[in-house]
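Here's a walk through one protein fold, taken sheet by sheet. Keep the 3D view open as you read.

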Amino acid sequence: MLHHIKTTDDLRWFITHTDRFRSGYVTDVQMSKRRLFDEESGHEVQAGTTVSITIRYQIHGLIRLAKLTMTGVTDFSLFEQEGADCSSLDVIQVEYSGGRFRFWFDPQGELYIVCEEVQFQEVSAPILNSHPIVELARWTFQGQTADGPTVQWLLNQLDQSGIPCSWRPTKRESAIHPAIAWEGDLLPACDPQVSPTNMVHVMAYGPHEDHGFGLMLRILGARDRQVSQILEVLAEHVTQHFSGNCLVGTTIIPGREWENWMTQDGRSRLG
């Protein structure tokens with residue numbers, strides 16, 4: 001999901017959608033300053049400040065990770081002392097006046113930002129119960145359309161990539177969340193070297209609140225290269241065929257940048 005918050009109507013949508021991040025917490029804060037060289041003066045001049053804040057919160061049975069990218073920042077305060085922690089949120093306060101947004105992320109004003117515009121990105125997924133098998137890696141994709149990949153589409157992509165798999169649907173007495181469409185396990189086919197407890201668990205959900213589909217892939221079991229390849233191959237094909245954002249840990253990556261992000265350090269970054 002991607003929204004640009006520029007007006008009071010945008011702000012009303014933002015407050016309603018997030019419920020002011022009630023009981024969420026800040027996972028990351030970054031600031032960057034842009035400078036340009038002024039030929040007349042022969043000096044560099046400041047050309048803008050950007051602050052990004054990542055917030056994790058829960059609402060409607062969903063866990064959401066939101067990234068606020070604030071541009072045209074004219075005032076920014078991040079102050080902690082004597083063990084204070086401004087990462088834990090209660091209900092944030094925000095107002096819009098004079099063409100600027102003012103955010104108070106905690107009652108004491110220790111995290112305070114004034115800016116001209118906000119870009120809002122978010123990836124959401126159903127809240128999961130603990131799994132009896134160890135989870136080694138998780139990759140989530142939030143699509144921009146209602147229709148996402150099917151089980152057969154995933155199996156076809158793996159066949160074409162030389163990693164044929166079998167599908168084992170998950171059977172539950174009751175659904176974890178009404179937005180879940182289907183879920184199950186992908187297991188490498190005809191490979192005696194792979195333990196039957198090593199798998200990629202797939203969950204498809206949404207659309208929720210008129211937003212796009214969601215797809216979550218999780219590596220379960222012991223560390224195994226072939227199982228890791230299943231997740232990597234599917235992540236590559238999904239981002240190539242569908243528009244949306246990826247989530248790894250607390251990092252949101254635009255789908256079009258996924259391949260570059262994965263190969264930045266020359267090795268797999270999915271565990």
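What follows goes from the overall make-up to the two sheets and the helices that pack on them.

First, a caveat: this is a predicted model. The protein holds four helices and 16 strands. Of its 271 residues, 44% count as buried. The exposed area comes to about 14,200 Å², and carbon and sulfur atoms supply 45% of that. If you take the contacts between residues at least 6 apart in sequence, 61% of them join residues at least 24 apart.

**The seven-stranded sheet**

Start with the open sheet of seven strands, which reads E11-E12-E13-E14-E10-E15-E16 across and has antiparallel pairing. Strand E11 (165–169) and strand E16 (251–254) sit at the edges with a single partner strand each, so one side of each lacks a neighbour in the sheet. On average, neighbouring strands here are turned by 20° against each other, direction ignored.

To get your bearings, look at E10, which runs antiparallel to E14 and is joined to it by seven bridges. One residue to click on is Glu135, whose bridge partner in E14 is Leu220. E10 also pairs with E15, again in the antiparallel sense, this time over four bridges. There, Phe141 stands opposite Cys246 in E15. Move on from E15 (residues 244–248) and you reach E16, with four bridges joining the two antiparallel strands. In that pairing, Asn245 has Pro254 of E16 as its bridge partner.

**The four-stranded sheet**

The other sheet to look at is also open, with four strands in the order E5-E8-E7-E6 and antiparallel pairing. Its edge strands are E5 (75–78) and E6 (93–97), each of which pairs on one side only. Neighbouring strands in this sheet are turned by 10° against each other on average, direction ignored. E5 and strand E8 (residues 111–115) are antiparallel and share four bridges. Ser77 is a handy marker, as Tyr112 in E8 stands opposite.

**Helices on the sheets**

Now for what lies on these sheets. The table sets out three helices, the strands that each one touches or lies across, and an angle for each.

| Helix | Residues | Strands | Angle |
|---|---|---|---|
| H1 | 8–18 | E6, E7 (100–104) | about 170° with E6 |
| H2 | 151–160 | E11, E12 (180–188), E13 (199–205) | about 160° to E11 |
| H3 | 225–241 | E10 (135–143), E11, E12, E13, E14 (214–220), E15 | about 165° to E14 |

H1 packs on the four-stranded sheet. H2 lies across E11, E12 and E13, which belong to the seven-stranded sheet.

**A closer look at H3**

H3 deserves a look of its own. How far does H3 reach from its first C-alpha to its last? The span is 24 Å for 17 residues, close to the 24 Å expected at 1.5 Å a residue. At the start of H3, a side-chain oxygen of Asp224 comes to within 3.0 Å of the backbone nitrogen of Gln226.

Which residues of H3 are buried? Hydrophobic-looking names come up, including Val227, Ile230, Leu231, Val233, Leu234, Ala235 and Val238. The list also has Ser228, Glu232, His237 and Thr239. This is the helix that lies across E10, E11, E12, E13, E14 and E15.

Conventions. Residues are numbered from 1 along each chain as its sequence is written. This is a predicted model: local features need pLDDT of at least 70, side-chain atom pairs count only at pLDDT 80 or more; totals for chains, interfaces and linings use all residues. Side-chain values use heavy atoms; hydrogens and water are left out. Two strands pair if DSSP finds at least two bridges between them. Axes are lines fitted to C-alpha atoms, for helices over the stretch in contact, and angles run from 0 to 180 degrees between N-to-C directions. Contact means heavy atoms within 4.5 Å. The expected span of a helix is 1.5 Å times one less than its number of residues. Buried means under 20% relative accessible area, exposed over 50%, partly exposed in between (1.4 Å probe, protein chains only). A polar contact is a pair of N or O atoms within 3.5 Å; within protein, one must be able to donate a hydrogen and the other to accept it, and residues adjacent in sequence count only if both atoms are side-chain atoms. Accessible areas come from the Shrake-Rupley method with a 1.4 Å probe; for residues, only the protein chains shown count as cover.
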